[in-house]
Structures are given as structure tokens and as C-alpha cells.
Amino acid sequence: MIKGKFITLEGGEGSGKSTCIKYIKAWLESQNIEYIITREPGGTPLAEEIRNMILSHREEKIHDETELLLMFAARTQHIKEKIKPAIDAGKWVISDRFVDSSYVYQGAARGGDLKKIDQLAEWVLQGCKPDKTLLFDVPVDIGLSRVEKRAQSDRLDDEPVVFHQMVRDAFLAREKTSNHYCLIDASQPIENVNLAVKQELEKLKGLS
Ligand SMILES: Nc1ncnc2c1ncn2[C@@H]1O[C@H](COP(=O)(O)OP(=O)(O)OP(=O)(O)O)[C@@H](O)[C@H]1O
Ligand SMILES: [Mg+2]
């Protein structure tokens, strides 16, 4: 059985990841590719419960280490229960966020120890790394103005602008040093974003 491709979407708040997944779904169907679409934190019933713990507003302070470990607890469940079985069955896996978000949010933006994140990633991923990470990059003010209209914001959405700027800078820095990234200018109109994504999908499928 040929393994399925593993594609992750990364980027800051309002960069258009969830919007673009609708296009990716349509493209996969047009190509008769079997797939699953999933997200982090979350993706399985237990991991979605952990997502709620991480993202909901609460009185008790959530320590940075707690946030990091909960992210990786959800991730290990997600990989073992959902991502790896699908890839092994030949399905393409599309995940709205994955481990790169931990490096950027819990690492760069929260000031977490990147070596510890490396160790957690090594332990939890067990080689389950994305074939391609699509980085949706948009200036912070544009991204935040897009999500302002949302009825509800979560604990990470509500971080100050300087936090979101660190997130953007850290994603761009990772993109420069990693070869599994594809940088997408997400400030463009949605049709242009989709076209850039389509080109990457075709490359992954070996169409171009
Ligand atoms: N290229 C674009 N141009 C203009 N508006 C866009 C574009 N892409 C997405 N949007 C709009 O911006 C809003 C946020 O997009 P979306 O929810 O896809 O972002 P996201 O990256 O998933 O954000 P989050 O990280 O908070 O989940 C939506 O209302 C969407 O319709
Ligand atoms: Mg989203």
C-alpha cells in the first residue's frame, strides 16, 4: 500500500487556513483521492476535549508548560488514533495546524524552551512528519481584522497584537530554514490563494 500524503496548514489567526480547506477538499474529490480532513488541537473525541481545555477562557491560570503538554497529549492521541492509520491506508491527511504551531505559539510566542519542544516532537511524532506544510502568511492587522467579526474568540485569539506578531515572525523564520514549507501569500484574494495551493497539490500528486 502506498502511503497517503500528509499536508498541514499553518499560519496566524485569520490567515485563511480553514477557508482554504474547502477548496482542498473539492480538489481532492476532483482527483478521486481518498482523504481525511482534521485539525489541531483536536481531531479525535478525546483530543477535542483537550482542545476545549486549552482554548476555553477560565479563571485558573493555565501555565505555559501545561498548555504545551496538553497540546502534545492531544497530538499523540490524534496521530495514533487518526493520522497514522489514515496515511498507512493510503489516504491523504489534511490537518488544520500541526506541530509547527507548537514551535511557534508555545515556543517562540510564549518563550518556551525549543529544545524541550524538539524532544516532545521526536517522542510523539515518531517520524509522522508532514510531506508539505502550507504556510498562510498575512500581516497581523489584516488577519485580526478578518476574525474580529467572529461571535466568539478563544484564549489564544485574545492574546495581544504583539503575541500575534511574534507568531507571524516565527512562522516566517521557520519557513526559511525548513524544506517542507510552502509560503502562501494569504493577503491575496481567495481565488489567488487557492490557485497557489492548487499548484502545490499538483506537485505533491506528481502532476507537475
Ligand atoms: N484571502 C482572503 N481574503 C479575504 N478574506 C479572507 C481570505 N481568506 C479568508 N478570509 C476570511 O477571513 C476570515 C478568517 O478566515 P479563516 O477562518 O479561514 O482563518 P483561519 O486561518 O482558519 O483562522 P484561525 O487560525 O483563527 O482558525 C473568514 O471570514 C474568511 O472568509
Ligand atoms: Mg481556522
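## Pockets and ligand site of a predicted model

The lining of the second largest pocket comprises five nonpolar, three polar and five charged residues. The structure described here is a predicted model.

**The second largest pocket.** This pocket holds about 270 Å³ of space. Its lining counts 13 residues, and Val 99, Tyr 103, Ala 121, Leu 125 and Lys 129 are those nearest the centre. Two helices, α4 and α5 (114–125), each contribute at least two residues to this lining. The largest share belongs to α5, which supplies four residues.

**The largest pocket.** The largest pocket encloses about 850 Å³ of space. A total of 39 residues line the largest pocket, with Glu 13, Lys 17, Ser 18, Arg 97 and Arg 150 lying nearest its centre. Classified by residue type, this lining consists of 11 nonpolar, 16 polar and 12 charged residues. Helices that each provide at least two lining residues are α1, α2 (45–55), α3 (64–88), α4 (99–109), α6 (140–147) and α8 (190–205). Helix α4 thus appears in the lining of the largest pocket and also in that of the second largest pocket.

**The ligand site.** Ligand 1 occupies the space of the largest pocket. There are 15 residues around ligand 1, and those that come nearest are Lys 17, Ser 18, Thr 19, Arg 150 and Gln 188. Lys 17, Ser 18 and Arg 150, listed here among the residues nearest the ligand, are also among those nearest the centre of the largest pocket. Helix α1 (residues 17–30) gives the most to the shell around ligand 1, namely three residues. By class, the shell contains three nonpolar, seven polar and five charged residues.

Polar contacts between the protein and oxygen atoms of ligand 1 include the following.

| Residue | Protein atom | Ligand 1 atom | Distance |
|---|---|---|---|
| Ser 15 | polar backbone atom | oxygen | 3.2 Å |
| Gly 16 | backbone N or O atom | oxygen | 2.9 Å |
| Ser 18 | side-chain N or O atom | oxygen | 2.8 Å |

Ligand 1 taken alone exposes 640 Å², of which the protein buries 73%. In the table, Ser 15 and Gly 16 are represented by backbone atoms, whereas Ser 18 is represented by a side-chain atom.

Definitions and conventions: Residues are numbered from 1 along each chain as its sequence is written. Chains are lettered from A and ligands numbered from 1 in the order in which they are written. This is a predicted model: local features need pLDDT of at least 70, side-chain atom pairs count only at pLDDT 80 or more; totals for chains, interfaces and linings use all residues. Side-chain values use heavy atoms; hydrogens and water are left out. A residue is near a molecule or strand if one of its heavy atoms lies within 4 Å of it. A polar contact is a pair of N or O atoms within 3.5 Å; within protein, one must be able to donate a hydrogen and the other to accept it, and residues adjacent in sequence count only if both atoms are side-chain atoms. Accessible areas come from the Shrake-Rupley method with a 1.4 Å probe; for residues, only the protein chains shown count as cover. On a 1 Å grid over the protein atoms alone, a cavity is a set of points where a 1.4 Å probe fits but cannot get out, and a pocket is an open set with protein on both sides within 12 Å along at least five of seven lines; lining residues have an atom within 4 Å of a point. A molecule sits in a cavity or pocket if more than half of its atoms lie within 2 Å of its grid points. Ala, Val, Leu, Ile, Met, Phe, Trp, Tyr, Cys and Pro count as nonpolar, Asp, Glu, Lys and Arg as charged, and the others, Gly among them, as polar. Grid points are joined across faces, edges and corners, and a volume is the space filled by probe spheres set on the points.
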